[in-house]
Amino acid sequence: MMQSMELFFAPSSPYVRKVMACAIELGVEDKIVCLPSAANPIKRDTRIAAFNPLAKVPAAKLDDGTLLFDSRVICEYLNDAAGGTLVPSGAERWRVLTEQALGDGLLDAALLARYEETSRAPDQRSEVWRASQMTKIDAALDHMEETVEIFGSEVTIGCLTIASSLGYLDFRFSGVDWRSSRPKLASWYADFILRPSMSRTAPHE
Ligand SMILES: N[C@@H](CCC(=O)N[C@@H](CS)C(=O)NCC(=O)O)C(=O)O
């Protein structure tokens, strides 16, 4: 019998979204008790720190007291506990985990660019820093366009992460037109976000 978990949650976090989307895909959403949080790179949320010394979300605690973080670990835990196939074994595993790393890497760059604006005083902000993060995002999107026929052919932690990263761009970087030069990715995403795991986890404040 699968243990329940307490999860520090934020409706705007794309990493939390990965966890919730996995839980919905696996049919185990009812095992998760969401706790409110206010993760911030400068104002440390000590409630989250009780589960994760890095004070980042998602962070989880199982019934038996086991602590789990970050999103990659919690998603893989849910998949294992539910006997799912979101994280395949064998040769496919490495491809799918690399797809997850691509989506997470896009998000890491996006958050670094955003924190530059939201957490630094205007005179401390670096345009070069922001532009460098946007270059990573652009290159990640190009790679997604080249590989969408492969990662988009089944539901895995790879494409759930990639979809969460695209959703985050629309949410926080609405001025970035990632679609017009990437028609295959745009078309896959338009279909994929209709899945309940995506539509029910759309980011909001
Ligand atoms: N690699 C982590 C990243 C988690 C992360 O950066 N979460 C953000 C919220 S979207 C956060 O907690 N930021 C607060 C901070 O950087 O201290 C994961 O996959 O869970």
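Trainee: Which residues come nearest to the ligand?

Mentor: This is a predicted model, and in it 14 residues stand around the ligand. Of these 14, the ones that come nearest are K56, V57, D70, S71 and Y115.

Trainee: How far is the side chain of S71 from an oxygen atom of the ligand?

Mentor: A polar contact is a pair of N or O atoms within 3.5 Å, and V57 offers a backbone N or O atom at 2.8 Å from a nitrogen atom of the ligand. Y115 uses an N or O atom of its side chain, which lies 2.9 Å from a nitrogen atom of the ligand. For S71, the distance between a side-chain N or O atom and an oxygen atom of the ligand is 2.6 Å.

Trainee: How much of the ligand does the protein bury?

Mentor: One begins with the ligand taken alone, which exposes 510 Å². Of that area, the part buried by the protein is 88%.

Trainee: Which elements give two or more residues to the shell around the ligand?

Mentor: The ligand takes up the space of the largest pocket, and the residues of its shell divide into eight nonpolar, three polar and three charged. The elements that give two or more residues to this shell are α1 (14-26), α3 (71-82) and α4 (91-118).

Trainee: Does T201 count as buried or exposed?

Mentor: T201 lies in the segment that follows α8 (196-199), and its side chain reaches the backbone oxygen of S197 at 2.6 Å. Buried means under 20% relative accessible area, and because the relative accessibility of T201 is 12%, this residue counts as buried.

Notes:
Residues are numbered from 1 along each chain as its sequence is written. This is a predicted model: local features need pLDDT of at least 70, side-chain atom pairs count only at pLDDT 80 or more; totals for chains, interfaces and linings use all residues. Side-chain values use heavy atoms; hydrogens and water are left out. A residue is near a molecule or strand if one of its heavy atoms lies within 4 Å of it. A polar contact is a pair of N or O atoms within 3.5 Å; within protein, one must be able to donate a hydrogen and the other to accept it, and residues adjacent in sequence count only if both atoms are side-chain atoms. Accessible areas come from the Shrake-Rupley method with a 1.4 Å probe; for residues, only the protein chains shown count as cover. On a 1 Å grid over the protein atoms alone, a cavity is a set of points where a 1.4 Å probe fits but cannot get out, and a pocket is an open set with protein on both sides within 12 Å along at least five of seven lines; lining residues have an atom within 4 Å of a point. A molecule sits in a cavity or pocket if more than half of its atoms lie within 2 Å of its grid points. Helices (H or I, at least four residues) and strands (E, at least two) are DSSP runs, numbered from the N terminus. Ala, Val, Leu, Ile, Met, Phe, Trp, Tyr, Cys and Pro count as nonpolar, Asp, Glu, Lys and Arg as charged, and the others, Gly among them, as polar. Buried means under 20% relative accessible area, exposed over 50%, partly exposed in between (1.4 Å probe, protein chains only).
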